[in-house]
Amino acid sequence: MSERTELSELGEFGLIDHLTKNIELQHVSSLVGVGDDAAVIDHFGKQTVVTTDLLLEGVHFDLMYTPLKHLGYKSVIANLSDVYAMNAMPTQITMSIGISNRFSLEALDEFYEGVYAACSHYGVDLVGGDTTTSQKGFVISVTAIGEVAPDHFVKRSTAKKGDLLCVSGDLGAAYVGLLFLERERKIFLESPGVQPDLEGESYVIGRLLKPEARKDIIEFFAEAPVMPTAMMDISDGLSSEILHICKDSELGCILYEDKIPIAEETRNAAFKFEIDPTACALSGGEDYELLFTVAQTDYEKIQANPAISIIGYMTDAADGAHIITKGGGRHAITAQGWNPI
């Protein structure tokens, strides 16, 4: 039987000391970290990017099938992805949690193991946060801070007519992974003795439980060099994100179904649920890939990167946003992405 330490034994300050005792700051911009009333960050003439996410148990995650270490990792990734989506490099995060007494110190250590693993992997400093009691479920709030060379940040509203519409990685896997875990959860609740059957689905489940943010794409832009004209991350499904760029940039677009990157594992898994893999890519979520537009003059540089797919192009607003299906049909793109509200 593993040991269980009640959080009440430490008190709030003792808990914060425990969770943050091994922090080593990696950035010269992190002047003051955990342990003071506020962190002090100096980005030495660069522009600062700030983003915050709130994750609630029962809304954004289910602890029945989400290991705490994975949850810690993913809660950091979701924020770093938003910083990369601005063409910026994340440098610091703060992490605040609300917890009930059903969590032991060992459980929180597991969660923070994931947090620190993500910070280490992406070269980010944890510089502050808060802990409080939650009456209902686990509450996680993360703020990420990043830096970008003056006026190199990229917004959603600056795409131009004729720009190429591009996406990193592959889409729809996290949504299919969620379907598997939800199915097994339902079976378990009905028949607690039944072991989960997730054989062969490690790719889609991994994309849900341990996603990665696309630091490599931002590094590629700097090296190529390529300056995206508009960009955002895909957390709510491709269709709703494309419509955000169209609306904010006052443009339309043409998207080609056969150009949407979908992994073979995702296709096979989707067919087990008798659902269309394209629908998973368009309306799923939590892929944390980057959706961006580039000028046509950057075509060859983009084409040379195997991690990027060109999936369409931007048109006049009057033409609307359409998808050309594999059969040659033309349909308006509708937003059916995940909506937490």
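**Chat about helices, sheets and salt bridges**

Me: What do the buried residues of α5 pack against?

Reply: They pack against α2 (68–84), α4 (173–190), α8 (264–272) and β10. Keep in mind that this is a predicted model.

Me: OK, and which residues of α5 are buried?

Reply: Val204, Ile205, Arg207, Leu208 and Leu209, in a helix that spans residues 202–209.

Me: An Arg in that list, huh. Which salt-bridge network is Arg207 linked into?

Reply: Arg207 is linked with Asp170, Arg214, Asp216 and Glu289 in a network of salt bridges.

Me: How far apart are the closest N and O atoms of Arg214 and Glu289?

Reply: 2.9 Å, and the two form a salt bridge. The pair ties together distant parts of the chain, with Arg214 in the loop between α5 and α6 and Glu289 in strand β10, 75 residues apart.

Me: Are Arg214 and Glu289 buried or exposed?

Reply: Buried, both of them.

Me: Let's move to the sheet with β10 in it. What's the strand order?

Reply: β8-β10-β7-β11-β9-β12-β13, so to speak from one edge to the other: an open sheet of 7 strands with mixed pairing. At the edges stand β8 (230–234) and β13 (330–332). Each has a single partner strand, so one side of each has no neighbour in the sheet. From one strand to the next, the twist averages 25°.

Me: How many bridges hold β12 to β13?

Reply: 3 bridges join β12 (residues 321–324) to β13, and the two strands run antiparallel. One pairing to look at is Ile323, whose bridge partner in β13 is His331.

Me: Which strands does α7 touch?

Reply: Helix α7 (residues 238–249) packs on the sheet and touches β7, β8, β9 (251–256), β10, β11 and β12. Its direction makes about 155° with that of β8.

Me: And α6, what does that one lie across?

Reply: Helix α6 (residues 215–223) lies across β7 (164–168), β8, β10 (289–294) and β11 (308–316). Relative to β10, α6 runs at about 25°.

Me: Switching to the sheet with 4 strands. What's the order there?

Reply: β3-β6-β4-β5, again open, with mixed pairing. β3 (47–56) and β5 (125–133) are the edge strands, each with a single partner, so one side of each is left without a neighbour in the sheet. Ignoring direction, neighbouring strands here are turned by 15° against each other on average.

Me: How many bridges join β3 to β6?

Reply: 10, and β3 and β6 (residues 139–148) run antiparallel. Within that pairing, Thr48 stands opposite Glu147.

Me: Which helix lies across this sheet?

Reply: Helix α3 (residues 105–122) lies across β4 (89–99), β5 and β6. Against β4, α3 runs at about 170°.

Me: Back to Glu147. Which residue forms a salt bridge with it?

Reply: Lys46, with the closest N and O atoms 3.5 Å apart. Lys46 sits in the loop between β2 (40–41) and β3, while Glu147 is in strand β6, 101 residues apart.

Me: Is Glu147 buried or exposed?

Reply: Glu147 is buried, because its relative accessible area is 18% and the cut-off for buried is under 20%. Lys46, at 41% relative accessibility, counts as partly exposed.

Me: How many salt bridges in total?

Reply: The count comes to 15 salt bridges. Another one is Lys74 with Glu286, where the closest N and O atoms are 2.5 Å apart. Lys74 is in helix α2 and Glu286 is in the loop between α9 (277–283) and β10, 212 residues apart. Lys74 is buried, with a relative accessible area of 14%.

Me: I also clicked on Val50. Where does it lie, and is it buried or exposed?

Reply: Val50 lies in strand β3, and it is exposed, with a relative accessible area of 56%.

Me: What is Val50 in contact with?

Reply: Leaving aside neighbours within four places in sequence, Val50 is in contact with Thr143, Ala144 and Ile145. The C-alpha atoms of Val50 and Pro90 are separated by 9.0 Å, with their positions 40 residues apart along the chain.

Me: Last one. Which residues make the nonpolar surface patch of about 340 Å²?

Reply: Val28, Leu31 and Phe44. Val28 is in the loop between α1 (11–20) and β1 (30–32), and at 68% relative accessibility Val28 counts as exposed.

Conventions
Residues are numbered from 1 along each chain as its sequence is written. This is a predicted model: local features need pLDDT of at least 70, side-chain atom pairs count only at pLDDT 80 or more; totals for chains, interfaces and linings use all residues. Side-chain values use heavy atoms; hydrogens and water are left out. Two strands pair if DSSP finds at least two bridges between them. Axes are lines fitted to C-alpha atoms, for helices over the stretch in contact, and angles run from 0 to 180 degrees between N-to-C directions. Contact means heavy atoms within 4.5 Å. Patches are made of residues with over 30% relative accessible area and no salt bridge: like charges are joined within 9 Å, nonpolar side chains (Val, Leu, Ile, Met, Phe, Trp, Tyr) within 5 Å. Accessible areas come from the Shrake-Rupley method with a 1.4 Å probe; for residues, only the protein chains shown count as cover. A salt bridge is a side-chain nitrogen of Lys or Arg within 4 Å of a carboxyl oxygen of Asp or Glu. Buried means under 20% relative accessible area, exposed over 50%, partly exposed in between (1.4 Å probe, protein chains only).
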